[in-house]
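User: Hi! I am new to protein structures and would like to learn how to read one. Could you take me through some features step by step?

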Amino acid sequence: MDYMQRALALARQALGNTSPNPAVGAVIVKDGVIVGEGHTEPAGSWHAEIMALKQAGEAARGATMYVSLEPCCHYGRTPPCTQAIIAAGVTGVHLATLDPNPTVSGRGRVELEAAGIKTHVGEHEEEAHELNEAYFKFIIRRLPFVTAKFAMSLDGKIATKTGDSQWITGEEARRYAHSLRRVSDAIMVGVNTVISDDPQLTARDIDEDAHQSRQPLRVVVDSRGRTPASACILHMPGKTIIATTASIEPTKVRELREAGAEVLSLPAKRDRVDLPELMRTLGSRKITSVLVEGGGTLLGSFFDQGLVDKVYAFVAPVIIGGKRAVTAVEGRGVSKITEALQLRRLRVERLGDDVMICGYIGEGVGCSQGSSKK
């Protein structure tokens, strides 16, 4: 059995519930038998290593631990995991990858080795990186990891000329999209999407039409305050931020607040919300990942300003046509094909009749929802 793969599978179970902490899995093995395992609990609770040690009990003495991320070695809301591992008598620890957090960053490994515990680093390292890609970016740059997601027709349209967009893709693709929402800290759309589609922007089990217990933060980019107080997003489980500018009318601010939204006033750039400043603000609130779902104007701005890390494009085998039909990505765009943004580390997957294309802008480490998660 591949024990590190098991640790990674446990970590995936925690994705979406641990932010701003990483999702980690740990497995303790003795004489070829798993005696303890666990994954990170919600922030402020136990880490994966402690959960595994609790389950193993005395069987941890003389055993080997497999953990998807270097154990912490500092006091935070919980004591250091390294000290618990040492006290339990574990004799070997396999680490998929080191933790870039400056308070750890190799120190956990050093502490274990100083106590006589043999360590091994690098098993399934790429997979471990991609699983916690949002945490890695956030802990290094204090900015959210940005994923652009859109569903379009074969000819690149996300709606017809009348604005009709439900549903371009089939159930399997929509189910996958909800799994992306479930593991994101925030979902973001532009105000035009709110006005034209009146979406819920919730993470749901579409088979049962039931909301997940944990809902990502909803963020609407609305430079002039055009979001209706009756909008569906303001009456769904979870919280909503209306990111706006000084252009919004005071009466509209009161109206939106009374409807339950937080109104966040930000600097304007060319009469629109300064998106880099919005990302910095979300980062300061420990939002580690943002799923940008559109529409074309907002996605175009994100691509134009170099703010996208990763792309999920769902393509349906239909042709909509029409000069006035809405395209997936608008904005300024590029002048030459040679200037086009190139996705790297591509993965293509068929979802029912639709096709999902996943890739990174720049150098990425893979797709966080690879076939091992299916």
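Analyst: Happy to! Let's start with a term: a residue counts as buried when its relative accessible area is under 20%. Keep in mind that this is a predicted model. Take Tyr135: with 6% relative accessibility, Tyr135 counts as buried. Phe136, at 10%, counts as buried too.

User: How are the rings of Tyr135 and Phe136 arranged as an aromatic pair?

Analyst: For ring pairs, look at the distance between centres and the angle between planes; an angle over 60 degrees counts as edge-to-face. Tyr135 and Phe136 have 6.0 Å centre to centre and 80° between the planes, so the pair is edge-to-face. The structure holds five aromatic pairs. There is also an aromatic cluster, formed by Tyr176, Tyr312 and Phe314.

User: Now the helix. How many residues of α6 are buried?

Analyst: A general idea helps here: an α-helix has 3.6 residues a turn, so residues three or four places apart point the same way. As for α6, which spans residues 133-141, seven of its nine residues are buried, and the helix is mostly covered. The buried ones are Glu133, Ala134, Tyr135, Phe136, Lys137, Phe138 and Ile139.

User: What covers the buried residues of α6?

Analyst: Among the elements covering them are α5, β6, α10, β15, β16 and β18. After α6 comes Arg142, with a positive phi near 60°.

User: Which residues touch the most other members in the largest nonpolar core?

Analyst: In soluble globular proteins, nonpolar side chains tend to be buried together. Here, the largest nonpolar core has 33 residues, and those touching the most other members are Met188, Val219, Leu278, Met279, Leu282, Val292 and Phe302. Elements that each supply at least two residues of this core include β7, β10, β11 and α11. Leaving aside residues up to four places away in sequence, Val219 touches Ala186, Ile187, Met188, Val189, Ile241, Ala243, Leu278 and Leu282. A second, separate core has 27 residues, including Ala56, Ala63, Val104 and Phe136.

User: And a loop residue: is Ser184 buried or exposed?

Analyst: The cut-off for buried is under 20%. Ser184 has a relative accessible area of 8%, so Ser184 is buried. Ser184 is found in the loop between α7 and β7. Beyond residues up to four places away in sequence, Ser184 touches Arg214, Pro216, Ser289 and Leu291.

User: One more: which residue lies over the face of Trp46?

Analyst: For this feature, check how far the charge sits from the ring centre. Lys54 lies over the face of Trp46, 4.8 Å from the ring centre. Arg174 lies over the face of Trp167, at 4.5 Å from the ring centre.

How values were computed
Residues are numbered from 1 along each chain as its sequence is written. This is a predicted model: local features need pLDDT of at least 70, side-chain atom pairs count only at pLDDT 80 or more; totals for chains, interfaces and linings use all residues. Side-chain values use heavy atoms; hydrogens and water are left out. A nonpolar core is a set of buried Ala, Val, Leu, Ile, Met, Phe, Trp, Tyr and Cys residues joined through side-chain atoms within 4.5 Å. Buried means under 20% relative accessible area, exposed over 50%, partly exposed in between (1.4 Å probe, protein chains only). Helices (H or I, at least four residues) and strands (E, at least two) are DSSP runs, numbered from the N terminus. Contact means heavy atoms within 4.5 Å. Rings of Phe, Tyr and Trp (its six-membered ring) pair if their centres lie within 6.5 Å; planes under 30 degrees apart count as stacked, over 60 as edge-to-face and the rest as tilted. A charge sits over a ring if NZ of Lys or CZ of Arg is within 6 Å of the ring centre and within 35 degrees of the ring normal.
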